[in-house]
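Here are my notes on this model, written as numbered points to read alongside the viewer. I hope they help when you go through the coordinates yourself.

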Amino acid sequence: MRTGFFDFRNSRDAPDDAPLELTGGMPPPDDDWIDDAYGDDQPQIASPPRRRRRWRWVVRGIAALIVLFCVAVAWLAITAPLSKSLEPITPPSITLLAADGRTPIARRGATIGKPVDVSKLPRHVTQAFIAIEDRRFYRHWGIDPWGIGRAMVHNLAARGLREGGSTITQQLAKNAFLDSDRTAGRKLREVMIAFWLEAWLTKNEILSRYLSNVYFGDNVYGLDAAARHYFSTTPARLTVGQAAMLAGLVKAPSRLAPTGNISGARARQKLVVGAMVAADFLTEREAARVAPARLRVDRVAPLPNGS
């Protein structure tokens with residue numbers, strides 16, 4: 001007798017609780033064919049508890065980073081307030097003025113210039129400092145890995161410490177907030193403060209504060225004081241040669257101060273002009289027209305001691 005699609009001939013022999021298999025007259029599938037098809041490459045599905053455990057560690061790690069970031073920001077806000085980068089890094093000096101109230105006739109202590117604003121300076125003035133001190137200033141976030149690597153290569157080739165890798169931001173952090181100790185802890189704080197300054201100040205603000213506080217030798221601090229002391233002029237009227245000479249003093253201001261080492265200062269001026277050409281701030285023809293800077297020292301007598 002012909003059977004239908006579902007064959008119930010043996011249903012009496014099957015137990016009452018047996019599952020109904022829709023095989024269409026075919027024998028039920030064997031589970032072994034799955035193992036034969038996939039072999040040892042059978043896909044494994046991670047259990048939900050293991051996934052949850054991984055996500056839990058990821059969340060914990062992110063939370064720990066957030067806590068560390070908050071602690072670092074709080075520490076910097078207390079130990080490195082941004083207003084401190086505007087304060088003079090030396091004790092205030094005493095200047096005796098003439099009857100006109102403008103002409104200094106005697107001074108005691110360091111010469112500290114007025115703060116400068118780089119947006120009001122000629123481009124060649126700021127370019128001189130950027131070319132020799134931090135060519136990638138406008139492209140990094142406080143530290144310059146390329147500059148550090150280049151300095152290491154040059155120092156290894158020279159078999160000595162000839163070139164530093166500190167950026168202008170790091171120099172501002174060191175000058176305004178830290179002491180002169182050469183330790184790993186101080187260097188780490190310097191890097192952290194550099195990131196802090198980059199996060200809260202614009203590039204022009206950082207460069208302005210740097211130029212307002214940097215040391216130029218002869219007990220002179222700040223670009224304004226240096227321009228008046230060495231050339232009897234203002235920063236806005238500095239020539240390319242004068243700006244290049246001042247930028248060259250920053251590396252070793254006490255040794256290169258032109259009042260005592262004019263040949264060394266002019267050699268550094270020439271090096272800075274070459275750096276400006278390499279940075280495309282000057283052409284070869286413009287660099288060839290830069291003459292050695294001539295001093296016009298602003299002589300102010302020291303204030304006498306005694307009662």
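Where is the place of Asp280? I take this up in point 1, and a word on the source belongs there too.

1. Please keep in mind that this is a predicted model. Asp280 sits in the loop between helix H11 (262-278) and helix H12 (284-288). Its phi is near 65 degrees, a positive value in a residue other than glycine. Most residues other than glycine have a negative phi. Asp280 counts as exposed because its relative accessibility is 68%, and the cut-off for that class is over 50%.

2. Ser232 also deserves a look. This residue is not a glycine, yet it has a positive phi of about 50 degrees. You will find Ser232 in the loop between helix H8 (223-231) and helix H9 (240-249). With a relative accessibility of 37%, Ser232 counts as partly exposed.

3. Now for the chain as a whole. The protein chain holds 12 helices and five strands. Of its 307 residues, 33% count as buried. Its accessible surface comes to about 20,500 Å², and carbon and sulfur atoms hold 57% of that. If you take the contacts with a separation of 6 or more, residues 24 or more positions apart account for 63% of them.

4. The next few points deal with helix pairs. Two packed helices are described by the angle between their axes and the distance between the axes. Helix H5 (residues 168-177) packs with helix H7 (residues 203-213) at an angle of about 50 degrees, and their axes are 10 Å apart. That angle makes H5 oblique to H7. The crossing of the two is left-handed. On the H5 side, the contact is made by Ile168, Thr169, Gln171 and Leu172, while H7 brings in Ile206, Leu207, Arg209 and Tyr210. By class, the residues of this contact are five nonpolar, two polar and one charged.

5. How many of the 10 residues of H5 are buried? Eight are, so H5 is largely enclosed by the rest of the structure. The buried residues are Ile168, Thr169, Gln170, Gln171, Leu172, Ala173, Ala176 and Phe177. Gln171, which is in helix H5, is buried with a relative accessible area of 10%. Apart from its neighbours within four places in sequence, Gln171 is in contact with Glu133, Ser166, Tyr210 and Val250.

6. H7, the partner helix, is mostly covered, with nine of its 11 residues buried. Those buried in H7 are Lys203, Ile206, Leu207, Ser208, Arg209, Tyr210, Leu211, Ser212 and Asn213. Against what do they pack? The buried residues of H7 pack against H3, H5, helix H6 (184-200), strand E4 (220-221) and H8.

7. Helix H3 (residues 123-133) is worth following through two pairings. In one, its axis and that of H11 come within 8 Å and cross at roughly 95 degrees. This makes H3 roughly perpendicular to H11. The contact joins His124, Gln127, Ala128, Ala131 and Ile132 of H3 to Arg268, Leu271, Val272, Ala275 and Met276 of H11. The residues of the contact divide into seven nonpolar, two polar and one charged.

8. In the other pairing, H3 and H9 pack at an angle of about 35 degrees, with their axes 9 Å apart. The crossing of H3 and H9 is right-handed. H3 makes this contact with His124, Val125, Ala128, Phe129, Ile132 and Glu133, and H9 with Val240, Ala243, Ala244, Leu246 and Ala247. Sorted by class, the contact of H3 with H9 has nine nonpolar, one polar and one charged residues.

9. One more residue to click on is Gly142, in the loop between H3 and helix H4 (145-158). Is Gly142 buried or exposed? At 0% relative accessibility, Gly142 counts as buried. Gly142 and Gln170 are 28 residues apart along the chain, and their C-alpha atoms are separated by 6.6 Å. Leaving aside neighbours within four places in sequence, Gly142 is in contact with Thr167, Thr169, Gln170, Ala194 and Glu198. Gln170 is one of the buried residues of H5, which links this loop back to point 5.

How values were computed. Residues numbered from 1 in each chain as written. Predicted model: local features only at pLDDT ≥ 70, side-chain atom pairs only at ≥ 80, totals over all residues. Heavy atoms only, no water. Axes fitted to C-alpha atoms, helices over the stretch in contact; angles between N-to-C directions. Helix = DSSP H or I, 4+ residues; strand = E, 2+ residues; numbered from the N terminus. Parallel < 35°, antiparallel > 145°, perpendicular 65-115°, else oblique. Left-handed = near helix turned anticlockwise from the far one by under 90°. Contact = heavy atoms within 4.5 Å. Nonpolar A, V, L, I, M, F, W, Y, C, P; charged D, E, K, R; others polar. Buried < 20%, exposed > 50% of the residue type's maximum accessible area, 1.4 Å probe, protein only. Areas by Shrake-Rupley, 256 points an atom, 1.4 Å probe, with all protein chains shown as cover.
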